[in-house]
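Here are my notes on the model you sent over. Keep the picture open while you read, and take the points in order.

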Amino acid sequence: MAGQRRQNRVLALDFFKADALQLAPMLLGKYLVREHEGNIVRLVINEVEAYLGEEDLACHASKGRTPRTEVMYLEGGHIYIYLIYGMYYMLNIVTGKKDHPQAILIRGTQEISGPGRLTKFLQIDKTLNAKLLTPDNGLWMEESGIKLNYKTTPRIGVAYAKEWALKPWRYVAD
DNA sequence: ACAAAGATCCGT
DNA sequence: CGGATCTTTGTA
């Protein structure tokens, strides 16, 4: 049955407890699924970036624990949303173990390019912050069977992060 | 209390 | 290339 098969394809929360650098390339080709006001949308992820711990100057957790970064210290599988430039919500998935702040920014999909445009399209805002990535919360991921070739580049928009700005932690399908 | 900067996007 | 637009954070 298609419905049951689909159910089995939902990525369990345990999947996100691995390290961000290991997970980031694995998210390419996965479905990002949003259910909102009765509509379900599936998009194929094709661009992500990893943010890795307090020592990574590009990572918000480089400031340590603050009201905003507290979410990144939760266990992998939580959703981290923040507003940037007063206009755009950024969608991140917390990864790794509790108290090890990491997150993967979902920068784009095959259908929608750009992290700000993506959240606008999916109607994602701060109400999802700190929630779990599950169907119950209206946002989750699914296995798709799609394999994408990809390359790595430095992350976008983090020139201030000194030597961390050079880390090839952006993964983009080609 | 205040100022500065920001994991972006769009129009000129 | 500059403006929009407002939250978070550091400093006083």
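1. A bit of vocabulary before anything else: Ala, Val, Leu, Ile, Met, Phe, Trp, Tyr, Cys and Pro count as nonpolar, Asp, Glu, Lys and Arg as charged, and the others, Gly among them, as polar. A residue is near a molecule or strand if one of its heavy atoms lies within 4 Å of it. With that in hand, the surface near DNA strand C has 4 nonpolar, 2 polar and 3 charged residues.

2. Some housekeeping. This is a predicted model, where local features need pLDDT of at least 70 and side-chain atom pairs count only at pLDDT 80 or more, while totals for chains, interfaces and linings use all residues. Residues are numbered from 1 along each chain as its sequence is written, chains are lettered from A and ligands numbered from 1 in the order in which they are written, and side-chain values use heavy atoms, with hydrogens and water left out.

3. Now back to DNA strand C. Around this strand you will find Lys-63, Thr-66, Pro-67, Arg-68, Leu-83, Tyr-85, Gly-86, Met-87 and Lys-126. Sugar or phosphate supplies 65% of the DNA strand C atoms within 4 Å of the protein, and bases supply the rest. Look at Thr-66: one of its polar side-chain atoms is 2.3 Å from a phosphate oxygen of the strand. Tyr-85 uses a polar backbone atom instead, 2.4 Å from a base oxygen.

4. On to DNA strand B, which is surrounded by 20 residues, the closest being His-60, Tyr-88, Asn-92, Gly-116 and Tyr-160. Of the strand's atoms that come within 4 Å of the protein, 53% are sugar and phosphate. By class, the residues of this surface are 12 nonpolar, 6 polar and 2 charged.

5. Which part of DNA strand B lies 3.1 Å from a polar side-chain atom of Tyr-82? That would be a base nitrogen. For Arg-117, a backbone N or O atom lies 3.3 Å from a phosphate oxygen. The elements giving two or more residues to this surface are β3, β4, β5 and α3; helices (H or I, at least four residues) and strands (E, at least two) are DSSP runs, numbered from the N terminus.

6. Next, strand pairing (two strands pair if DSSP finds at least two bridges between them). Strand β1 (residues 31-36) runs antiparallel to β2 (residues 39-52), with 6 bridges joining them, and Glu-35 stands opposite Ile-40. In their hairpin, with 2 residues between the strands, Glu-37 takes a positive phi near 50°. β1 is also joined to β6 (residues 139-142) by 4 antiparallel bridges, where Tyr-31 stands opposite Glu-142.

7. What about the inside? A nonpolar core is a set of buried Ala, Val, Leu, Ile, Met, Phe, Trp, Tyr and Cys residues joined through side-chain atoms within 4.5 Å. The largest one here has 46 residues, and Leu-32, Val-48 and Leu-91 are among those with the most contacts inside it. β2 gives the most to this core, with 6 residues.

8. Is Arg-170 buried or exposed? It counts as buried because its relative accessibility is 16%; buried means under 20% relative accessible area, exposed over 50%, partly exposed in between (1.4 Å probe, protein chains only). Arg-170 sits in strand β8 (residues 170-173). Its side chain makes a polar contact with that of Glu-47 at 2.8 Å (a pair of N or O atoms within 3.5 Å; within protein, one must be able to donate a hydrogen and the other to accept it, and residues adjacent in sequence count only if both atoms are side-chain atoms).
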